[in-house]
Amino acid sequence: MKKLLLLSFPTNLTGEPITYTLIKNYDLKINILRASIDYNIEGSLFLEVDGLEEKINLSIEYLKIVGVKVKVIKTAITINEDECVNCGACTSICEVGALTMSDDWKISFHKDRCLDCKLCIKACPVRAIASIV
Ligand code: SF4
Ligand code: SF4
């Protein structure tokens, strides 16, 4: 399975081989989507990890034990509700039903269904949809 993880490092861990440990000890394939790390400055890593669910969960426990804050991200897609005009254009492009119109004609984003294909970004006429990576 794959999971998106947002890691935040305290200053004393920015020099640690965190991704190497995830690969070596937990047999994970790591895709670094975004990195912001400076020596002695708090850093962050946005990763896609691919592996056995049990090993991903164990790796998250390991990260927390060593002091890394871990946030499991459902999708990199974000919708700016202030910009959205509820036109519905994105609902027709999303084949998995992650974007739907509710009964009151407002857009609903079901993050658990989203496959992160990013097709909806171009479909939005007012650029209310973005990806954090
Ligand atoms: S990224 Fe793809 S799956 Fe997710 S909401 Fe947009 S179109 Fe749907
Ligand atoms: S296409 Fe853009 S403006 Fe239209 S409903 Fe979707 S997010 Fe809102």
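**Entry 1: overall layout**

I counted 4 helices and 8 strands in the protein chain. I took helices (H or I, at least four residues) and strands (E, at least two) as DSSP runs, numbered from the N terminus. This is a predicted model, where local features need pLDDT of at least 70, side-chain atom pairs count only at pLDDT 80 or more, and totals for chains, interfaces and linings use all residues. Residues are numbered from 1 along each chain as its sequence is written, chains are lettered from A and ligands numbered from 1 in the order in which they are written, and side-chain values use heavy atoms, with hydrogens and water left out.

I read the order of elements from the N terminus as β-α-β-β-α-β-β-α-β-β-α-β. The C-alpha trace spans about 50 × 30 × 20 Å along its principal axes. I looked up the domains next, with bounds that come from an automatic or database domain assignment. Domain 1 covers 2-73 and domain 2 covers 77-131. Their C-alpha centres are 29 Å apart.

I checked burial for the chain: 32% of its 133 residues count as buried. Buried means under 20% relative accessible area, exposed over 50%, and partly exposed in between, with a 1.4 Å probe and protein chains only. I then took contacts, meaning heavy atoms within 4.5 Å. Among contacts between residues at least 6 apart in sequence, 63% join residues at least 24 apart.

**Entry 2: helix H1**

Which residues of H1 are buried? I found Ile18, Thr21, Leu22 and Tyr26. They sit on the same side of H1, because they cover an arc of only 100° around the axis. That arc is taken over the directions from the helix axis to the C-beta atoms. An α-helix has 3.6 residues a turn, so residues three or four places apart point the same way. Tyr20 and Lys24 are exposed, on the face of H1 turned away from its buried side.

I looked closer at Thr21, a residue of helix H1. Thr21 has a relative accessible area of 14%, so it is buried. Leaving aside neighbours within four places in sequence, Thr21 is in contact with Tyr26 and Tyr62.

**Entry 3: positive phi**

I noted Asp27 just after H1, with a positive phi of about 55°. Asp27 belongs to the loop between helix H1 (18-26) and strand E2 (29-38). Asn86 is not a glycine, yet has a positive phi of about 55°. I placed Asn86 in the loop between strand E5 (77-79) and helix H3 (89-93). Asn86 counts as partly exposed, because its relative accessibility is 27%. Most residues other than glycine have a negative phi.

**Entry 4: nonpolar cores**

I defined a core as a set of buried Ala, Val, Leu, Ile, Met, Phe, Trp, Tyr and Cys residues joined through side-chain atoms within 4.5 Å. The largest nonpolar core has 17 residues, of which Leu7, Phe9, Ile18, Leu22, Leu63, Val68 and Val70 touch the most other members. Strand E1 (2-9), H1, strand E3 (41-50) and helix H2 (53-65) each give two or more residues to this core. H2 gives the most, with 4 residues. I also found a second, separate core of 12 residues, including Cys84, Cys94, Ala98 and Ile129.

**Entry 5: Ala76**

I found Ala76 in the loop between strand E4 (69-73) and E5. Its relative accessible area is 0%, so Ala76 is buried. Beyond neighbours within four places in sequence, Ala76 is in contact with Leu4, Phe46, Asp116, Ala130, Ser131, Ile132 and Val133. Ala76 and Ser92 are 16 residues apart in sequence and 20 Å apart in space, C-alpha to C-alpha.

**Entry 6: ligand 1 and Cys120**

What surrounds ligand 1? I listed Ile77, Cys94, Val96, Ala98, Leu99, Phe109, Cys114, Leu115, Asp116, Cys117, Lys118 and Cys120. A residue enters this list if one of its heavy atoms lies within 4 Å of the ligand. The shell divides into 10 nonpolar, no polar and 2 charged residues. Here Ala, Val, Leu, Ile, Met, Phe, Trp, Tyr, Cys and Pro count as nonpolar, Asp, Glu, Lys and Arg as charged, and the others, Gly among them, as polar.

I followed Cys120 into helix H4 (residues 119-123). Cys120 counts as buried because its relative accessibility is 9%. Outside four places in sequence, Cys120 is in contact with Ile77, Cys90, Ile93, Leu99 and Ile129. The C-alpha atoms of Cys120 and Thr91 are separated by 8.0 Å, with their positions 29 residues apart along the chain.
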